[in-house]
Amino acid sequence: MLSSDTIEINIKQGSPHVEEALDSVTEQLRKCSELGIKAIILIHGYGSSGEGGRIKWAFHDALENNRYSDRVDEYFFGENVGYGSEAYQALIKRRPGLKRYLKRFKEGNAGMTVLLLGAHHRNA
């Protein structure tokens with residue numbers, strides 16, 4: 001369902017603490033860059049309240065504060081990529097191969113974030 005340069009990573013698996021999850025993302029981004037991966041569907045969950053768990057909010061905060069800017073060119077929060085939305089259209093324009101994957105989420109999916117990785121990376 002995903003193209004060869006796109007993968008899905010589940011950082012909530014094993015119920016890590018927030019910092020463990022963020023450190024895992026750092027390591028996964030490094031590995032993905034080395035392998036030539038261009039897009040990541042990052043599964044972080046949305047918390048038992050349905051309004052966002054600690055990992056989700058910490059990850060969103062890390063992205064917005066450029067923690068991963070050395071590897072992530074662009075990101076799309078899952079709740080914003082509902083079928084037909086402006087964010088969905090922008091994402092599909094950049095990565096048409098994600099259309100089949102994302103069409104399952106008519107209203108978006110708050111438990112994931114799509115990361116588009118850059119072509120040139122600084123060594124971390």
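What pattern does the protein chain follow when read along the sequence? The answer is β-α-β-α-β-α-α-β, made up of 4 helices and 4 strands. Helices (H or I, at least four residues) and strands (E, at least two) are DSSP runs, numbered from the N terminus. The model is predicted: local features need pLDDT of at least 70, side-chain atom pairs count only at pLDDT 80 or more, and totals for chains, interfaces and linings use all residues. Residues are numbered from 1 along each chain as its sequence is written, and side-chain values use heavy atoms, with hydrogens and water left out.

**The whole chain**

Select the protein chain and display its surface. The accessible surface comes to about 7200 Å², computed by the Shrake-Rupley method with a 1.4 Å probe, where for residues only the protein chains shown count as cover. Carbon and sulfur atoms account for 45% of this surface. Of the 124 residues, 43% count as buried; buried means under 20% relative accessible area, exposed over 50%, and partly exposed in between (1.4 Å probe, protein chains only). Among contacts (heavy atoms within 4.5 Å) between residues at least 6 apart in sequence, 71% join residues at least 24 apart.

**Strand β4 and its partners**

Select β4, residues 112-117. Here 6 of its 6 residues are buried. M112, V114 and L116 point one way from the strand, while T113, L115 and L117 point the other way.

Add β2 (39-43) to the selection. β2 and β4 run antiparallel and are joined by 5 bridges; two strands pair if DSSP finds at least two bridges between them. A39 has L116 as its bridge partner in β4. Next, pick I41, which lies in β2 and is buried, with a relative accessible area of 0%. A distance label between the C-alpha atoms of I41 and M112 should read 6.7 Å, although 71 residues separate the two in sequence.

Now add β3 (72-77). β3 also pairs with β4 in the antiparallel sense, over 5 bridges. Within this pair, E74 stands opposite L116.

**Helix α3**

Move to α3, residues 86-94, and colour Y88, L91 and I92, which are buried. These three lie on the same side of α3 because they cover an arc of only 95° around the axis, the arc being that of the directions from the helix axis to the C-beta atoms. E86 and K93, on the other side of α3, are exposed. The cover over the buried residues of α3 includes β3, α4 (99-102) and β4.

**Helix α2**

Select α2, residues 54-64; its buried residues are I55, K56, A58, F59, H60, A62 and L63. They pack against α1 (18-35), β2, β3 and β4. After α2 comes N66, whose phi is positive, near 65°.

**The largest pocket**

Finish at the largest pocket, with a volume of about 150 Å³. On a 1 Å grid over the protein atoms alone, a pocket is an open set of points where a 1.4 Å probe fits, with protein on both sides within 12 Å along at least five of seven lines. Grid points are joined across faces, edges and corners, and the volume is the space filled by probe spheres set on the points. Which residues are closest to the centre of this pocket? They are P16, V18, G53, R54 and I55, out of 12 lining residues, each with an atom within 4 Å of a point. α2 gives the most to the lining, with 3 residues.
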